[in-house]
Amino acid sequence: MNDTPQLGIGIGWRPEIADTVEALSGVDWVEAVAENLCPGHLPDSLVRLRERGVTVVPHGVSLGLGGADRPDAQRLADLAERAEALGSPLVTEHIAFVRAGGALTASPVLEAGHLLPVPRTRDALRVLCENIRIAQDSLPVPLAVENIAALIRWPDEEMSEGQFLAELVGRTGVRLLIDVANLHTNQVNRGEDPAKALDELPVEAIAYVHVAGGTERDGVWHDTHAHPVTAPVLDILAELRARVAPPGVLLERDDDFPPAAELAGELTTIRETITAAAAVASPRPRKGAGARGTEEREAGDTDAARGRLALSEAALLSSLVAGTPVPEGFDPRRLRVQSRALAAKRAGVVAKVAPELPEILGESFRPAFLAYAAHTPMRAGYRRDALDFAESLLIEGRPEDSAARRRLTLWWRERASSRPPRRATRLIRVARAALVGR
């Protein structure tokens with residue numbers, strides 16, 4: 001893959017740190033969340049960076065390439081449009097599923113609001129390969145896919161992470177975005193050896209590398225992107241550099257942004273880690289790699305594999321977001337941890353996309369939302385989730401404070417007036433009562 005662009009050292013561009021990113025020295029490129037960009041109205045900061053010759057890579061989070069359904073054509077078109085608007089040399093996504101249910105299971109579509117791991121099975125690999133080929137055919141630039149962090153392990157997996165990625169690259173030619181923080185997460189949470197994964201995966205397929213921080217609570221590592229990068233993550237970065245010179249390395253930070261000096265210090269540490277590892281690097285024998293055509297030797301049908309994968313992913317997601325029974329073979333304790341993490345993330349994102357809600361509800365916002373999320377799956381993204389949450393409170397006659405209830409009613413009506421609510425008659429009655437102060 002000699003045509004892989006040489007990116008250098010970069011940082012994740014986020015609106016909250018846009019000015020800081022522009023001012024940082026030694027930033028060769030940035031990565032921006034694709035779904036947060038409007039091609040016709042790019043943020044001024046990104047426009048200025050592009051004018052300075054800084055490469056911008058769109059990083060998708062919503063395709064769900066590891067899901068049972070084929071990739072949505074509109075989502076692919078949107079990702080392609082962002083790559084073209086930014087003049088990007090590649091785009092990236094995740095090896096994950098983000099929704100389940102629907103036509104393949106004759107059940108409602110459930111949204112995770114988060115990246116969830118696919119099972120490392122032949123069925124999942126077959127489906128993932130076809131989904132990636134569809135995406136590759138739809139995008140104007142090469143695609144790279146990222147390994148994700150996981151709190152949970154699928155039962156009856158047939159491959160290690162390195163073997164799974166090697167097979168994927170061999171069958172599709174897709175490039176890899178290797179997140180060394182996620183390799184560390186899977187080491188703590190799943191007992192997987194990151195060095196073994198690096199030995200098994202095709203390092204020559206790496207497009208670039210992510211580095212990020214996290215924290216450990218009760219023996220579980222949470223990949224927060226809101227904490228400093230830890231020494232074990234940097235050790236894995238050094239292990240990777242001992243095997244290959246990555247075309248790019250990027251620092252991710254999504255929350256609790258530190259001062260500019262601290263971000264600059266982390267970038268310096270990443271550079272120093274790479275330089276030191278390069279000085280002692282030596283070629284290492286490969287332990288395995290995928291090969292094109294492997295899938296031709298396997299029995300089975302991709303459509304049948306999609307059906308089986310759809311059922312298993314829907315059962316897992318339903319357990320996580322709707323409280324249905326834990327599927328056989330999963331660790332119930334770990335699923336409870338993952339379920340709480342999903343609900344907490346929903347609460348945090350809803351607070352960002354609808355900041356009026358925590359303002360109106362005050363300290364009761366988070367506990368009220370977590371109680372709502374425990375029995376109400378997300379249906380269609382975070383903005384709709386915010387509306388549904390507000391609607392549920394109003395139907396229950398909450399909040400108890402009449403002034404807050406009136407404010408919440410007005411907020412809901414301004415945003416929901418263009419569509420009839422699911423429980424129109426009762427909700428309108430509640431809204432009218434709130435507005436007249438009853």
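**A walk from cavity to helix**

Let's start with a hole: helix α5 supplies the largest share of the lining of the largest cavity, with 3 residues. Keep in mind as you look around that this is a predicted model.

How many cavities of 30 Å³ or more turn up in the whole structure? The search finds 1. About 130 Å³ of space lies inside this largest cavity. Two elements give two or more residues to its lining, namely α5 (161-172) and α6 (180-190). In total, 13 residues line the largest cavity, and those nearest its centre are Ile95, Val118, Arg120, Ile148 and Glu161. By character, the lining splits into 7 nonpolar, 2 polar and 4 charged residues.

Now for a space that is open: the second largest pocket. It holds about 300 Å³. Its lining is made of 18 residues, with Ser319, Leu320, Arg336, Ser339 and Arg340 nearest the centre. Which elements give two or more residues to the lining of this pocket? They are α10 (302-322), α11 (332-353) and α13 (365-373). The biggest contributor is α11, with 9 residues. The lining of the second largest pocket has 11 nonpolar, 4 polar and 3 charged residues.

Next, the strands. Take β4 (residues 91-94): Val91 and Glu93 point one way, while Thr92 and His94 point the other way, and all of them are buried. That fits a general pattern. In a regular strand, side chains alternate between the two faces of the sheet. Strand β4 runs parallel to β7 (residues 143-146), and 4 bridges join the two. If you want a spot to look at, find His94, which stands opposite Glu146 in β7.

A second pair runs the other way. Strands β5 (residues 97-102) and β6 (residues 107-116) are antiparallel, and 4 bridges join them too. Together β5 and β6 form a hairpin with 4 residues between them. Gly102 stands opposite Ser107 in β6. In the turn itself, Ala106 has a positive phi of about 50°.

On to the helices, beginning with α8 (residues 231-243). Does its length match what you'd expect, and what is the reasoning behind it? At 1.5 Å a residue, its 13 residues should span 18 Å, and the end C-alpha atoms are 19 Å apart, so the two agree. Several residues of α8 are buried, including Val233, Leu234, Ile236 and Leu237. Leu240, Arg241, Ala242 and Arg243 are buried as well. The buried residues of α8 pack against plenty of partners: β8 (175-179), α6, α7 (194-200), β9 (206-211), β12 (248-251) and α9 (260-279). You met α6 earlier, in the lining of the largest cavity.

Helix α14 (residues 382-395) has 14 residues and reaches 20 Å from its first C-alpha to its last, close to the 20 Å expected. Why call it largely enclosed by the rest of the structure? Because 12 of its 14 residues are buried. Among them are Tyr382, Asp385, Phe389 and Ile395. Just after α14, Gly397 takes a positive phi of about 75°.

For our last stop, find Ala77 in helix α3 (residues 73-86). Its relative accessibility is 38%, so Ala77 counts as partly exposed, a label for values between the under 20% of buried and the over 50% of exposed. Ala77 and Leu168 are 91 residues apart in sequence, and their C-alpha atoms are 23 Å apart in space.

Terms used:
Residues are numbered from 1 along each chain as its sequence is written. This is a predicted model: local features need pLDDT of at least 70, side-chain atom pairs count only at pLDDT 80 or more; totals for chains, interfaces and linings use all residues. Side-chain values use heavy atoms; hydrogens and water are left out. On a 1 Å grid over the protein atoms alone, a cavity is a set of points where a 1.4 Å probe fits but cannot get out, and a pocket is an open set with protein on both sides within 12 Å along at least five of seven lines; lining residues have an atom within 4 Å of a point. Grid points are joined across faces, edges and corners, and a volume is the space filled by probe spheres set on the points. Ala, Val, Leu, Ile, Met, Phe, Trp, Tyr, Cys and Pro count as nonpolar, Asp, Glu, Lys and Arg as charged, and the others, Gly among them, as polar. The expected span of a helix is 1.5 Å times one less than its number of residues. Buried means under 20% relative accessible area, exposed over 50%, partly exposed in between (1.4 Å probe, protein chains only). Contact means heavy atoms within 4.5 Å. Two strands pair if DSSP finds at least two bridges between them.
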